[in-house]
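Hi,

Here is the structure I said I would pass on to you. Have a look at it first, and then read my notes underneath.

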Amino acid sequence: MPIRVPKELPAIKVLEKEKIFVMDEDRAMHQDIRPLEILILNLMPKKDETEVQLLRLLSNTPLQINVEFLHMSSHEAKNTSSEHLNRFYCQFKEVKDKFYDGLIITGAPVEQMPFEEVDYWQELEEIFEWSKTHVFSTFHICWGAQAGLYYHHKIDKYLLNQKLTGIYMHDVLAPTWSILKGFDDVFFAPHSRYTGIERRDVEKVEALEI
């Protein structure tokens, strides 16, 4: 089903070549369907690449999805033009009074820095707190997941002795979870990171499940 995005977003051309149905704002206005409202906080440097990756995955749903992109006003992007950000992204002050079905928080190349030393950490904390009352479900990716664990549950990351990189086998422990439906009992997934979290820290938090 269609993803609704700004009419001239460059990612549209890539998705259309892959036969993914993307609906621009003008056409979507004439659809008598209540779409899912999804906000994507894109913390990655090359934002256009991340836009394509996430929109490609969001297309695999029978629902119409209205996507908005959010960037940090407290951080100066070096790999994405200000023209692109001004045209296709909003700032938190522009969306903080809205409510969303879902929020996606991406990773960021700041993995080895203490959270408080990231220049936009204070703004990100504000978004985390806001999401508790304005977002039905939040999905954290990569460093975004570590940041969420740290803010919401005080679980800190630790530096590995060496970079973990490769494709590893995983066991599905909760096959009834919606995110794991359709998975085989065992699956392979890539890892490329310098930090990790302690299992014992997760097990101490009743709200978390591995």
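**Around helix α7**

Let me start with histidine 153: setting aside neighbours within four places in sequence, histidine 153 is in contact with Gly148, Val205, Ala207 and Leu208. Before going on, please keep in mind that this is a predicted model.

Histidine 153 belongs to helix α7, which covers residues 143–153. Is histidine 153 buried, exposed or in between? It counts as partly exposed, because its relative accessible area is 27% and that class lies between the 20% limit for buried and the 50% limit for exposed. As for glutamate 117, it is 36 residues away from histidine 153 in sequence, and the two C-alpha atoms are 19 Å apart.

The helix as a whole is mostly covered, with 8 of its 11 residues buried. Which ones are they? The buried residues of α7 are Trp143, Gly144, Gln146, Ala147, Gly148, Leu149, Tyr150 and Tyr151. Their cover includes strands β6 (100–105), β7 and β9, along with helix α6 (121–134).

**On either side of α7**

Now for the loops. Cysteine 142 sits in the loop between β7 (135–140) and α7. Its phi is near 55°, which is positive although the residue is not glycine. Most residues other than glycine have a negative phi, so this one is worth a look on your screen. Cysteine 142 counts as exposed, because its relative accessibility is 58% and the limit is over 50%.

Just after α7 comes lysine 154, with a positive phi of about 60°. This lysine is in the loop between α7 and β8 (158–171). At 68% relative accessibility, lysine 154 is exposed too.

**Arginine 193**

You will find arginine 193 in strand β9, residues 186–196. Like histidine 153, it has a relative accessible area of 27%, so arginine 193 is partly exposed. Beyond its neighbours within four places in sequence, arginine 193 is in contact with Glu111, Leu160, Lys163 and Leu164. How far is arginine 193 from tryptophan 143 in space? From C-alpha to C-alpha the two are 9.4 Å apart, with their positions 50 residues apart in sequence.

**Helix α3**

Helix α3 takes in residues 47–58. At 1.5 Å a residue, its 12 residues should span 16 Å, and the end C-alpha atoms are indeed 16 Å apart, so the two values agree. The buried residues of α3 are Lys47, Thr50, Glu51, Val52, Leu54, Leu55 and Leu58. An α-helix has 3.6 residues a turn, so residues three or four places apart point the same way. You can keep that in mind when you look down the helix.

**The whole protein**

Stepping back, the protein has 8 helices and 9 strands. Its C-alpha atoms fill a box of roughly 50 × 40 × 35 Å along the principal axes. The radius of gyration is 18 Å, which agrees with the value near 17 Å for a compact globule of 210 residues. Of those 210 residues, 42% are buried. Taking contacts between residues at least 6 apart in sequence, 71% join residues at least 24 apart.

The accessible surface comes to about 13,200 Å², and carbon and sulfur atoms account for 51% of it. On the charge side, there are 24 positive and 34 negative side chains, and the centres of the two sets lie 3 Å apart.

Cheers

Key:
Residues are numbered from 1 along each chain as its sequence is written. This is a predicted model: local features need pLDDT of at least 70, side-chain atom pairs count only at pLDDT 80 or more; totals for chains, interfaces and linings use all residues. Side-chain values use heavy atoms; hydrogens and water are left out. Helices (H or I, at least four residues) and strands (E, at least two) are DSSP runs, numbered from the N terminus. The radius of gyration is taken over C-alpha atoms; the globule rule is 2.2 Å times the number of residues to the power 0.38. Buried means under 20% relative accessible area, exposed over 50%, partly exposed in between (1.4 Å probe, protein chains only). Contact means heavy atoms within 4.5 Å. Accessible areas come from the Shrake-Rupley method with a 1.4 Å probe; for residues, only the protein chains shown count as cover. Lys and Arg count as positive and Asp and Glu as negative; His and the chain ends are not counted. The place of a charge is taken as NZ of Lys, CZ of Arg, CG of Asp or CD of Glu. The expected span of a helix is 1.5 Å times one less than its number of residues.
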